[in-house]
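Please walk me through this model in the viewer, one selection at a time. I would like to know what to pick next and what is there.

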Amino acid sequence: MRSANPSLKDSTFSNLKNQGLNHPMTLQGTVNKTFILLVLICATAFYTWNQYYDGKEIQGLLLLGVIGSLAVSLFTIFVPRAAPFSAPLYALLEGFALGGISAMYEDKYSGIATQAVVLTFSVLFALLIVYKLGWIKVTKNFRMGVLSATLGILIVYLVDLMLRFFGLQVPYLHETGWLGILISLVIVGVAALNLVLDFDFIERGVNRRAPKYMEWYAGFGLMITLVWLYVEILRLLSKIRR
């Protein structure tokens, strides 16, 4: 049951036995909640986008989006029952951050945001089809491999963040040469494989008849992976453009 997604950890469904007998979590319900969260993200993202292109200052919105979405996501992970309220709030805050980031990339590389959105959803639907057809088997080794790769990427990003305080950075991580592009391709691939783990984990939760509020929580978990995938694709495309 392990997933590299921090919101879909081992214990997510383990303590919910028999709680959803009368109103269990369903796959269709999870899809509906995920769609609602996507709409909320897009709404605030478009607002920040328009503010940027109207020449207005968006640093405040960016900080609100980054810090606010991080705080709400941590709260949701520790209090899954609050997901029906906290997951929409997370989506709204995350939209502020994504809208600002996307607008700044778009300002440098025209059309890059649209390309990143199309690629992100193409990867999402392609992997969903592959998963439903059974072409990818989510085995224990598969889970552990993706988890290890994800944790490795997280460690590299944390090290890079600390090095930046001293005016340094991890070699090749932000560079535009072939090695830098290859590194970004690997990170995009790992982010995409996390979607497969999320699909499997949510399906198991449905089979275990988790309570209804877990639909919001599952949608929130998918949003975390989807946002990460989008940002990494955006970074990859910007390297290729440069």
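At what angle do H6 and helix H7 pack, and how far apart are their axes? Select residues 214-241 for H7 and show H6 with it: the two pack at an angle of about 165°, and their axes are 9 Å apart. Angles over 145 degrees count as roughly antiparallel, and H6 and H7 are therefore roughly antiparallel to each other. Their crossing is left-handed. Sorted by class, the residues in the contact of H6 with H7 are 18 nonpolar, five polar and three charged.

Now zoom out to the whole chain. The model is a predicted one. The protein chain holds seven helices and zero strands, so reading from the N terminus gives α-α-α-α-α-α-α. Along the principal axes, the C-alpha atoms fill a box of roughly 55 × 40 × 35 Å. The radius of gyration of the protein chain is 18 Å, which agrees with the value near 18 Å for a compact globule of 242 residues.

Next, select H6 alone, residues 178-207. H6 has 30 residues. From its first C-alpha to its last it reaches 44 Å, close to the 44 Å expected at 1.5 Å a residue. Then step past its end to Arg 209, which follows H6 and has a positive phi, near 55°.

Keep H6 on screen and add H4, residues 112-132. The axes of H4 and H6 come within 10 Å and cross at roughly 50°. That angle makes H4 oblique to H6. H4 passes H6 in a right-handed crossing. To see the contact, show side chains on both helices. On H4, pick Val 123, Leu 124, Leu 127, Leu 128, Tyr 131 and Lys 132. On H6, pick Ala 192, Leu 195, Val 196, Phe 199, Asp 200 and Glu 203. By class, this contact of H4 with H6 has nine nonpolar, no polar and three charged residues. A general point helps in reading both lists: an α-helix has 3.6 residues a turn, so residues three or four places apart point the same way.

For the last stop, hide H6 and select H3, residues 83-108, together with H4. Which residues of H3 and H4 make the contact? First the geometry: the axes of H3 and H4 come within 8 Å and cross at roughly 125°. This makes H3 oblique to H4. The contact is made by Ser 102, Tyr 105 and Glu 106 of H3 with Ile 112, Ala 113 and Thr 114 of H4. The residues of this contact of H3 with H4 divide into three nonpolar, two polar and one charged.

Technical notes
Residues are numbered from 1 along each chain as its sequence is written. This is a predicted model: local features need pLDDT of at least 70, side-chain atom pairs count only at pLDDT 80 or more; totals for chains, interfaces and linings use all residues. Side-chain values use heavy atoms; hydrogens and water are left out. Axes are lines fitted to C-alpha atoms, for helices over the stretch in contact, and angles run from 0 to 180 degrees between N-to-C directions. Helices (H or I, at least four residues) and strands (E, at least two) are DSSP runs, numbered from the N terminus. Angles under 35 degrees count as roughly parallel, over 145 as roughly antiparallel, 65 to 115 as roughly perpendicular and the rest as oblique. A crossing is left-handed if the near helix is turned anticlockwise from the far one by less than a right angle, and right-handed if clockwise. Contact means heavy atoms within 4.5 Å. Ala, Val, Leu, Ile, Met, Phe, Trp, Tyr, Cys and Pro count as nonpolar, Asp, Glu, Lys and Arg as charged, and the others, Gly among them, as polar. The expected span of a helix is 1.5 Å times one less than its number of residues. The radius of gyration is taken over C-alpha atoms; the globule rule is 2.2 Å times the number of residues to the power 0.38.
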